[in-house]
Amino acid sequence: MIQSPDLPNRSLALDRLIGAIEAARRRATRVSVLFIDVDHFKKINDTLGHAAGDRFLRQVAQRLKSSIRQMDTVARLGGDEFVVLLNDVRLRRDAEAVAAKIVDACARPFMLDGQEAFVTLSIGVASFPEDGEDAETLLRHADAAMYVGKENGRSQVRFFTPELRQRTRNRVRLEVDLRHAIERQELVLHYQPLIDIRSGDIVGAEALLRWFSSEHGMMNPDQFVRLAEETGLIVSIGEWALITGCRETRRWIDAGFNGLSLSVNVSSRQFRDASLASSIHAALRDNRLDPRTLELEITESLLLEDSAEIKTTIDRLVGDGVRLAIDDFGTGYASLSYLNRFRLDTLKIDRSFTTGMLADTAQSTLVDALIVLAHRLGLRVVAEGVETADQLDFLRSRGCDVAQGFFFSTPIAADDFLQMLEHIRPPAAAAC
Ligand code: C2E
Ligand code: CA
Ligand code: CA
C-alpha cells in the first residue's frame, strides 16, 4: 500500500474519534465523520503509475487539510479512502459546508507529471449522536452513506439516514445467512445454454448462481454477490460453484453429451486467494474433465489488477489448458491494450450492447468493431443478452460466433438443462 506518513492512520483516527465523542457528550455538541473516497482513483494509478498515484493522494490530503480547522482531523484509512473528523459541530449545516468546501478544493485540477488530472469525490457523512453512539458505528455508517453515493453515480455527498440504518442492519443479517448458505445447501447453479450461431448447436453453458434462502426467498446474484465479494465469502462460494459445475459437466458427458464447455464466473477477489488454482485442478481431476472444458469468466477489473501473484495464478491455469473469457466487455475501464495481458480465448460482448445495437447505429458499429477486433486477436466472440431473432440475425451477419440469451433460454436448473440437451440432440446421436 502507498504510505502516507504525514497523516494519521485508521487506528489513530479511531482513537481521536473516541476522544471527540467523549468531549461532544460532555459539551452536548456533535462530531461529524466524513468518509471520503476518490472516484476512479484506479484510472490515475493505471495511466500514470503508482508513484504518480502516490503523489496525487498526497495532494488530495493537502487539500483536505486546507479545507478544515486546526482542531479537526484528516486521516488516511488506506487506499484512496480518507476520513475527516469534525469536532464540536453545532448544526448539520456545518458538516454540509465543510463537505462542500472539500468538494470545491478537489474540483481544481491536480498537476501530475506536468499533466492536469481531474477527479471527483464521493463523501458519506455520519454524526454523533444521531447516527451512532460509538466510533466504529459512526465510521461504518459514514462509509455506508458514501457507498450509496457511489452506487448512484459517484461525485456526491450523502448523509446517513434512518433508512440506511435499516439497510445496514439487513446487510448484517444477510451476511450471517450467506455464511450458512453452503452448509444449508441453499445455493444452486442454473445453466444458460451457449449457442453456436452458425450451426445452432448448444456448445456449452454458463453456470449462474442462485440462492434459495429460507429467510429471504429466491435471490439472484445481483442481490448477494457483491456482499460475498466484500466479505470474502465469495472464495468459498466460488469454490463451491466450480466443484458443482464440474460435477454437472461430468453428468452431461456420462449422459452422452461430450464436447460441451462449462463457463464459470470468477470474481477478482477469488484470484487473490492462493488456493484458487489448486481447487480448480482438484475439481477437474475429481470429475475427470479435460481442462479445456472449463472456461473462467473474468471481468475487466481483473485485467487492471497489477499483481504478480494473480498473473502467476492465471498463467498457470491457462498453461494447463483452462480457458479464459473476458466478461461484460466494454463496461469497465480497461484499455484495449489490456486484452494482451493474459492468454484469453473468448470475449463476451456485454448485454447492453446487444440490447441497444438495432436501435442505435453507434452501438451496432461498436458491436461490429468489437467482433472484428476480437477475431483479429484470435478470440471467440460470445454475444450476451440475445432476446430477439433480429438481434441474432444481425450478429450472424457480423460473424459473431456464439449467442446467449433469453431468445434461446433463461438460465435453468441442472435437470432441465440436461432435458433440453436430450430433447435437441438425443444422446444416441451425440455418441455417433
Ligand atoms: P453475467 O456473468 O453477465 O451473467 C449473465 C446475466 O445476464 C445473468 O444474470 C443472466 O440471467 C442474464 N441474462 C442472460 N441472458 C439474458 C437476456 O437475454 N436478457 C436479459 N435481460 N438478461 C439475460 P444473473 O444470473 O442474475 O447473474 C448476474 C451476474 O452475477 C452475472 O452476470 C455474474 O457477473 C454474477 N454471477 C453469477 N453467478 C456467479 C458466480 O458463480 N460467481 C460470481 N463471482 N459471479 C456470479
Ligand atoms: Ca458471465
Ligand atoms: Ca456477462
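Start by selecting the shell of residues around ligand 1: you'll find 7 nonpolar, 6 polar and 8 charged ones. Keep in mind as you click around that this is a predicted model.

**Stop 1: the ligand and its neighbours**

How many residues surround ligand 1? There are 21 of them. To see the closest ones, select R210, S267, D327, E387 and F406.

Now show the strands in cartoon view. Two of them, β9 (202–213) and β13 (323–329), each give at least two residues to the shell. Which element supplies the largest share of the shell around ligand 1? Colour β9 and you have it: 4 of the shell residues come from this strand.

**Stop 2: polar contacts with the ligand**

Time to turn on distances. Pick R210 and look for a polar atom in its side chain; an oxygen atom of ligand 1 lies 2.8 Å away. Next go to F406, but look at the backbone this time: a backbone N or O atom there is 2.8 Å from an oxygen atom of ligand 1. Then try L209, where a polar backbone atom lies 3.1 Å from a nitrogen atom of the ligand.

Before you move on, switch to a surface view. On its own, ligand 1 has 790 Å² of accessible area, and the protein covers 85% of that.

**Stop 3: helices packed side by side**

Here's a handy idea for this stop: a pair of packed helices is described by the angle between the two axes and by how far apart those axes are.

Select helix α8 (residues 234–254) together with helix α16 (residues 414–424). Their axes are 11 Å apart, at an angle of about 30°. Angles under 35 degrees count as roughly parallel, so that's what we call α8 and α16. Their crossing is right-handed.

Leave α8 selected and swap in helix α10 (residues 276–286). The axes of α8 and α10 come within 9 Å and cross at roughly 20°. This angle makes α8 roughly parallel to α10 too. Which hand does the crossing of α8 and α10 have? It is right-handed.

**Stop 4: some unusual backbone spots**

Most peptide bonds are trans, and most residues other than glycine have a negative phi. The next few selections go the other way.

Zoom in on F128 and P129. The peptide bond joining them is cis, with omega at about 5°. You'll find P129 in the loop between β6 (121–128) and α5 (135–151).

Next, jump to D113, in the loop between β4 (110–112) and β5 (115–117). Its phi is positive, near 50°, even though D113 is not a glycine.

For the last pick, go back to a strand you have already coloured or shown: D328 sits in β13. D328 is not a glycine either, yet its phi is positive, about 50°. And β13 is one of the strands that supply at least two residues of the shell around ligand 1, which brings the tour back to its starting place.

Note on methods: Residues numbered from 1 in each chain as written. Chains lettered and ligands numbered in written order. Predicted model: local features only at pLDDT ≥ 70, side-chain atom pairs only at ≥ 80, totals over all residues. Heavy atoms only, no water. Near = heavy atom within 4 Å. Polar contact = N/O pair within 3.5 Å; in protein donor to acceptor, adjacent residues only side chain to side chain. Areas by Shrake-Rupley, 256 points an atom, 1.4 Å probe, with all protein chains shown as cover. Nonpolar A, V, L, I, M, F, W, Y, C, P; charged D, E, K, R; others polar. Axes fitted to C-alpha atoms, helices over the stretch in contact; angles between N-to-C directions. Parallel < 35°, antiparallel > 145°, perpendicular 65-115°, else oblique. Left-handed = near helix turned anticlockwise from the far one by under 90°.
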